Protein chains: 2
Amino acid sequence: MSALSFEILGRDPGGYARLGRMRLPHGTVDTPVFMPVGTQATVKSLTPEDLVGDVGAQIILGNTYHLMLRPGADVIEKLGGLHRFMAWERPILTDSGGFQVWSLGKLRKIEPHGVWFQSHIDGAKVFLGPKESMDIQRKLGSDIVMAFDECTPYPATEEQALASMRMSMRWAAECREHLPVNDRQALFGIVQGGMYPRLRLESLAEIAAMDFEGIAIGGLSVGEPKPEMMAMLDALAPHLPADKPRYVMGVGTPDDLIEGIDRGIDMFDCVMPTRNARNGTLFTDHGIVHIKQARFAEDARPLMADCGCYTCRHFSRAYLRHLYMAKEILSSRLNTLHNLHYYTALMQRAREALARGNWPEFRDQFLQTYRGGDPEARTHNEELSP
Amino acid sequence: MSALSFEILGRDPGGYARLGRMRLPHGTVDTPVFMPVGTQATVKSLTPEDLVGDVGAQIILGNTYHLMLRPGADVIEKLGGLHRFMAWERPILTDSGGFQVWSLGKLRKIEPHGVWFQSHIDGAKVFLGPKESMDIQRKLGSDIVMAFDECTPYPATEEQALASMRMSMRWAAECREHLPVNDRQALFGIVQGGMYPRLRLESLAEIAAMDFEGIAIGGLSVGEPKPEMMAMLDALAPHLPADKPRYVMGVGTPDDLIEGIDRGIDMFDCVMPTRNARNGTLFTDHGIVHIKQARFAEDARPLMADCGCYTCRHFSRAYLRHLYMAKEILSSRLNTLHNLHYYTALMQRAREALARGNWPEFRDQFLQTYRGGDPEARTHNEELSP
């Protein structure tokens with residue numbers, strides 16, 4: 001029996017957007033969903049209590065690469081698995097480590113069954129491939145395991161993208177072989193193929209034919225222009241298996257999420273709300289706000305008037321600016337609480353619109369407001385790096 | 001009418017220790033009490049919710065020096081005062097700025113009515129004296145205002161200590177003059193006199209004769225050996241006014257607090273639990289623990305078995321070590337929660353012992369255990385710098 005069951009609860013009749021519910025060993029996840037990133041067994045600055053109570057996170061993401069190096073998968077297994085280690089009782093998705101290894105650039109060497117790389121912590125040589133990644137994620141005990149793949153660089157020639165995609169497809173099969181269907185952990189396959197629709201569709205067909213519990217789309221949001229990313233999702237949307245959850249990895253801004261949902265995507269993750277929070281960049285319905293700006297120095301208003309997060313319910317823009325200028329730890333925390341709450345609340349609003357049947361209206365109004373900006377918020381999303 | 005009323009609820013019949021209750025504009029404070037330090041309008045890494053719910057803090061301390069420079073007393077006043085600015089509804093004590101200015105060393109120049117100094121933020125020349133300090137603390141709106149004094153350096157000759165003490169006494173009178181008794185803010189005078197009992201007693205007599213709502217003892221824990229500090233408290237104890245709260249500034253370790261209570265002290269503050277937390281040094285009944293030590297790498301036990309803090313209720317030593325090694329923000333926060341909870345719970349235990357009438361037994365047993373150490377905890381308190 002599979003560790004994942006997925007139910008479609010509603011659809012936008014005129015498009016691909018859908019409302020769903022995923023059941024996993026550690027709980028239920030309503031989709032569309034945003035997954036906060038908890039790289040090193042912590043969503044930076046927050047406790048599990050914050051994530052459940054203030055943020056309303058349903059599922060979080062852990063990074064295999066970081067955890068295998070520190071504190072090590074064996075240590076986490078010995079301590080009862082990642083859930084117990086970090087005291088998080090709801091579902092966890094772990095990535096495969098492939099993306100981080102790929103990010104190391106020259107520090108890695110690709111072989112048929114995996115990649116040699118040097119640890120960024122102590123320079124030790126480490127080998128990671130499909131088999132190793134499955135073993136590590138099994139020790140971590142995540143609810144959703146990601147297949148080990150290569151993230152095709154951008155830009156890449158069609159030939160490069162093809163070779164890279166073929167390797168990822170071989171590795172995907174090896175992953176499923178090493179982690180057969182079981183009732184403890186679901187496994188998602190990852191579609192690659194660079195920016196070539198033909199390769200993407202070929203990859204999707206292969207992944208869909210394997211017995212994965214979910215379909216991920218990798219290799220996007222890696223530096224390509226946004227229209228190119230959206231065009232790729234447009235090309236895939238009609239061909240995505242209807243009965244499986246779909247996950248676009250590493251995406252994105254609030255408007256990216258809405259555009260993604262509109263193209264049939266159910267799951268998202270991104271460091272943007274957490275990383276930008278620490279840099280003093282906050283999300284609102286009217287775009288982003290740089291809290292360090294002098295105009296907030298005596299601004300007694302909450303960051304976002306109608307926001308229900310702990311930060312907006314208690315503190316002024318002036319206080320948030322003060323904490324940021326004074327480099328206080330609480331700055332990172334209050335900003336992270338707001339940004340993650342903003343993302344999860346946005347997904348909640350999207351689910352409500354889908355349930356009510358007025359998705360197109362919600363989508364259009366959100367995008368217009370968000371991209372329109374107003375005197376209180378900068379709107380240059382281009383400034384944000386993922 | 002005064003902003004402070006103080007009631008003695010119990011006494012150790014054989015000594016100076018006492019149980020009390022202080023009423024202030026923002027609430028009631030049971031003494032003995034430890035006041036967490038919230039230098040820049042935040043107790044580093046914690047929210048007011050943490051401080052009330054998890055730590056059980058009754059009153060916190062704010063630093064005039066830091067707040068006057070950033071964001072500025074006028075800004076805080078405009079935003080409704082320090083309580084509202086930082087969303088803290090319980091009492092606040094603000095220091096006078098004197099200690100921080102004194103810490104600047106060569107960057108200051110003393111004049112009859114105050115001190116010129118250079119801002120550590122932008123190098124601007126700023127003047128701070130009794131009048132200025134009272135004006136700033138009035139704008140901050142703290143429940144307890146501290147008189148502006150000079151912290152006599154250590155070591156100092158008797159002549160130097162005398163001149164410094166005389167100046168502090170003149171300034172104390174100026175402070176009371178600029179901030180007469182009122183129903184919004186209480187004012188504490190500060191006893192100085194270096195390490196000379198004769199000067200200390202002279203200073204105490206002067207402070208006691210003025211109309212202050214509380215008596216503070218300053219200029220301790222500034223580098224002198226511990227026995228010298230305790231000898232000074234011993235010398236003062238029989239002469240402290242019985243009806244006013246007594247506060248030793250900047251003290252100290254858990255055993256210092258117990259020793260201080262034993263010498264009739266009601267109030268304490270120190271950066272030690274918060275600063276040490278960020279350095280991975282944690283307090284337990286058996287002394288201090290350096291969480292970075294390799295022996296904790298796979299230790300599944302909570303830091304302190306019988307501790308009720310959020311950290312000990314949810315996380316293992318191994319997890320705390322991991323967060324520290326990975327330089328995660330959550331490390332500072334979970335460690336701070338534990339250390340401050342430890343301090344406030346220790347004061348709670350002291351109050352209970354005083355209420356039960358077995359203070360001497362509690363004191364002796366605590367000191368023996370704390371200083372005795374055990375295999376699980378280092379006990380070299382000397383390593384800690386305040």
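**Backbone features and the interface between chains A and B**

In this predicted model, Ser221(A) lies in the loop between strand S12 (214-217) and helix H9 (226-236) of chain A, where helices (H or I, at least four residues) and strands (E, at least two) are DSSP runs numbered from the N terminus. Ser221(A), although not a glycine, has a positive phi of about 60°, and with a relative accessible area of 23% it is partly exposed, a class that falls between buried (under 20% relative accessible area) and exposed (over 50%), as assessed with a 1.4 Å probe on protein chains only. Ala41(A) likewise has a positive phi, near 65°, but counts as buried at 0% relative accessibility; its place is in the loop between strand S4 (33-35) and helix H1 (48-55) of chain A.

Residues are numbered from 1 along each chain as its sequence is written, with chains lettered from A and ligands numbered from 1 in the order in which they are written. Local features need pLDDT of at least 70 and side-chain atom pairs count only at pLDDT 80 or more, whereas totals for chains, interfaces and linings use all residues, and side-chain values use heavy atoms, with hydrogens and water left out.

The contact (heavy atoms within 4.5 Å) takes 39 residues from chain A and 39 residues from chain B. The two chains bury about 3,300 Å² between them, 60% of it on carbon and sulfur atoms, buried area being the accessible area (1.4 Å probe) that two parts lose on being put together, summed over both. In chain B, the most area is lost to chain A by His322(B), Ile329(B) and Arg333(B), which together account for 18% of what that side buries. Between the chains there are 6 salt bridges, each a side-chain nitrogen of Lys or Arg within 4 Å of a carboxyl oxygen of Asp or Glu; one of the pairs forming a salt bridge is Glu328(B) with Lys44(A), whose closest N and O atoms are 2.6 Å apart.

Among the elements giving two or more residues to the side of chain B that touches chain A are helices H13 (317-325) and H14 (329-356) of chain B. Helix H13(B) is largely enclosed by the rest of the structure, because 7 of its 9 residues are buried, including Arg317(B), Tyr319(B) and His322(B). The cover over these buried residues includes helix H4 (82-86) of chain A, together with strand S15 (281-284), H12 and H14 of chain B.
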